[in-house]
Amino acid sequence: MEMLTYKDTRNYAPIDVTKGMDLLTREIVMADTQAPEGYEIMPKCKFCKNFKETDTFIGTCEASMNEPRFIAYPDMTAVTCEMYETM
Amino acid sequence: MAKTLKAVLADAGIPMNFQAGGQAPDQLIDREIQREPHPRVQKLKHIFMGTLSSASNEFPYWYTREYMLHDNDVPVLRRAKSLKTAFAHSTPVIIPGELLTMRKAPYFRGSFPMPWLSEGFYMAKEDEFYQEALKRGSASVDEHSKFGQGGGNVPNSFGKVVSIAGKFGMRQEEIPALLKLARLWYGKSVDDLGNRYEKMVPGYGTKEKIMRNIVCMFDSGFTLPQGREVINYYYPLEYGFDGIIKIAREMKDKVAGRADGDGMVGMNRLYNYEAVIYVVEGIQSWIHNYAKEARRLESLEADAHQKTEFKEMAERLEWIAHNPPRTFIEAFQMIETVHIAVLNEDAISGMSPGRIGQVLYPYFEQDMEAGRITEDEVIELLELDRVFKTSIDCFASVGVVGGVLSGNTFNTVSIGGLDKEGKSAVNRLEYLILEAGANNAMPQSTLSLLYDEKLPEDFLLLAMEVIKTGAGYPAFMSNQIAQEFLKNHYGHEGMNVEDARAWAIGGCLETSACTWKPLHLNGKEYWIPGGAGQPTSVGVHFVSMPKILELTLFNGIDQKTGETVFAPHDKSLDTYEELFEQFKTYWKEAVDILALTNNIQHDIWRKNNMAVFNSLLKPDCLDKGHLINELGYRYNATFNVESAGTITLVNAMAALKKLVYDEKEVNLKEMKNALKDNFGFKTAQEINSFSLADQEKREDGDKKWDKLHFKTLQAPKYGNDDPYADNILLDWENFFCPDCKNYESLYGHPMYPCQISVSTHGAMGSATIASPDGRLAGTTFADASMSAYPGTDKNGPFALLNSAAIWDHAMSQNSQLNIKIHPTAIKGVEGAKKLLDLTRAYMRKGGFHIQYNVVDSKVLKDAQKHPENYRDLMVRVAGFTQYWVEIGKSVQDELIARTEYEGV
């Protein structure tokens, strides 16, 4: 299983663009460092079936109602997105 | 080595002293009162201190995605649907330990751009941002730690973070989306559309030149279209969100298809109520998402105490998503939620909570009586609120956030004042607000004390103790002056003495129109105050008086750029009276064109970007069915004209009057040559110092201007109870205040004067050449509107108060007087009493506002050299408190230079 960085897990509360809190240990951790094994994956566009990458850091949401399909970006959190589908 | 002005003056035997009333001790003196917050608060504050301002695309992404689906809908519904979607999709982030939650963006200190208002300032850097986004490597701890020295600002890109506007950090992964979203608004934003139509105003070319030459600081229509107002929490507290939806549904049935005699906008009520329902539903989803997150954290939590806190947080959120709050903590969570919701609706600075000591008192009183809460728990919540509010950022351009606001968001809380019947409104909760402000000194919420002779003495003395912490609050504002202003200005809209008593400060010190509403809790009725007026952040904002004097002296030509801003007057300016008249002519020309063009920007805003949520909160929108854009608010005459550099102008005019016109020691041509040549000195930018004393002589600068320069510096100065200078201030105010009524807002009401500087005295001073008072090119103006220029008030604080009170402050929305006092000058109980006496004396003389910076100037100098040691040092700037490390150098220099009183 691919290891996740902290910012891609649900056991991480972002404090700012560089760091956040590990919700299990309460430690302040850097967003881009590797999270311990077993941390829950954070729903994000890049993990969604409906995301289609078109260029670096950008793509489209194939589930959007817009024509053409609306943009999306891989790192966007999707915990509140009703169209999120795991791959 | 080049000589500084201070050295040049010393050589000539002229002392330059920035201390008055004594001599400060040699050693660094800290503030007398120092307290600590509760441990829980301390932990969160510690996190805040290491947090960077962080921007996210989430809210604008969902807003834009929804907006683009509804291009044929009625504008207010298109906007409401977009807001609903954006709120409903905001990711909840809860930090363990907090009791009050919900935030602007998914970061502890988060914000986001609103490209529907203005996308230009970051689109202009599109290529640069793209490159930054693509080339960024991995984050380095070393790089990151450097940013801590600048507080939360992200002035440069580093690691995987791209700096925007010199303040906000955005992850590189989000930059392409930021730019693509912005492009979708190109030509459609309030900025772009407003600009298309404002160009149709005759004389638009002058407006562009005014902006380019920093005669005016910013356009209010698309930068910060709302703010400097008092929010109103009444409807959610009284009815709950389900209750508001119920009201809107019932009203829809009553108004559908009916004009009811109003053929212009009567029919719009249907769409407005429908919009209210959409937005409230979005906010309910947002609250529910936070509740779900609290439940999730509860399920993960091993610690029993924390688990219970998550559970109770979830229960509170689930309750207030639908119902009126029942307890103090529920009510507090409700007002925090409402506050953030309003701030997410628009780019806003200065959305002030107002008199929350009155608003929350019913819950406090009943919880205390029932034993549901203790005073210590209340204080802890009030301390937490200070972390919550200080974490609020407003995303805007560098000129606005840095040059005007110094990063501040002005969530001012007002205390004191009178109740509906005219009695002192001070209650026990307001004492606790002061205690929490001392325990947890953070910039937000700054406190404003609405001073009235009826307020209890122990309350006022407690306020003095809080001032001694050096937090810069509470500021004192005169209740009587404010009421008089409100009755005069809003009388034609029905303002009476009762509503005038409900007032509070909106923004840093804007007197704001409010009203009373009856809140019911367990069968008991309480009348609570809340905002009932439109924003006062609107109108003509920050017109530089010293720059207009420069243009007057030089026949309409800006001496820094060489551009002709105003048509040449071609007058010889042979008399002081002719000079003053021409100054007023240019002033009026500037204000007129700025009023017209800003009206158009705001008109575009109200057509496409109107406030829905803020509107439904404000009386009488829900009753009338009209939002802000259709004059739904009770008080709509809120547009104003803001001046900047008042005292620098007064001092400059006094020097011209004395040296050129009365005593003819120099002719005007020679004075102008000296100003152009900066009296033989380098510019402030060249030496990167912005206070007068540090300015350096040019290497090629001979002594030809020295004598004249000394005379300008020694000419009469405001702040010494000297009628020669003070009468110039009087003349100015007697022209300026009534003149504002000659300009009409888009809502059809006359404007009024607003006299604060915020941080503009730094940026505007930077753009202005030397002035006839001896101030050198690029240095700051005197701060505020009633503060003396640094080092020129030599006759003690009471003389300064006399100078400031020479005019009728009730003619203006505000005036602003800042005084810097050394901590030893007000030490002990006697010191607190002296400070209260000084304050009371000013209020009795008719002054509107006074605030104190209790700090040793040597500490500020040390902090400038070693910012890493002063992350938590706070200073009072002009109407607001800010962390020293987060304000720009020019304002830092000016703060160091301000006259330091060693005794009062």
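## Chain B and Lys84(B)

Chain B has 904 residues and a radius of gyration of 27 Å, which agrees with the value near 29 Å for a compact globule of that length. That radius is taken over C-alpha atoms, and the globule rule is 2.2 Å times the number of residues to the power 0.38. This is a predicted model: local features need pLDDT of at least 70, side-chain atom pairs count only at pLDDT 80 or more, and totals for chains, interfaces and linings use all residues. Residues are numbered from 1 along each chain as its sequence is written, chains are lettered from A in the order in which they are written, and side-chain values use heavy atoms, without hydrogens or water.

**Overall build of chain B**
- The C-alpha atoms fill a box of roughly 75 × 65 × 60 Å along the principal axes.
- Chain B has 37 helices and 23 strands (DSSP runs: H or I of at least four residues, E of at least two).
- Buried residues make up 70% of the chain (buried is under 20% relative accessible area, exposed over 50%, partly exposed in between; 1.4 Å probe, protein chains only).

**Around Lys84(B)**
- Lys84(B) sits in helix H4, residues 75-88.
- Lys84(B) is partly exposed, because its relative accessible area is 24%.
- Leaving aside residues up to four places away in sequence, Lys84(B) touches Tyr278(B), Glu281(B) and Gly282(B) (contact means heavy atoms within 4.5 Å).
- Ser285(B) is 201 residues from Lys84(B) in sequence, yet their C-alpha atoms are 8.5 Å apart.
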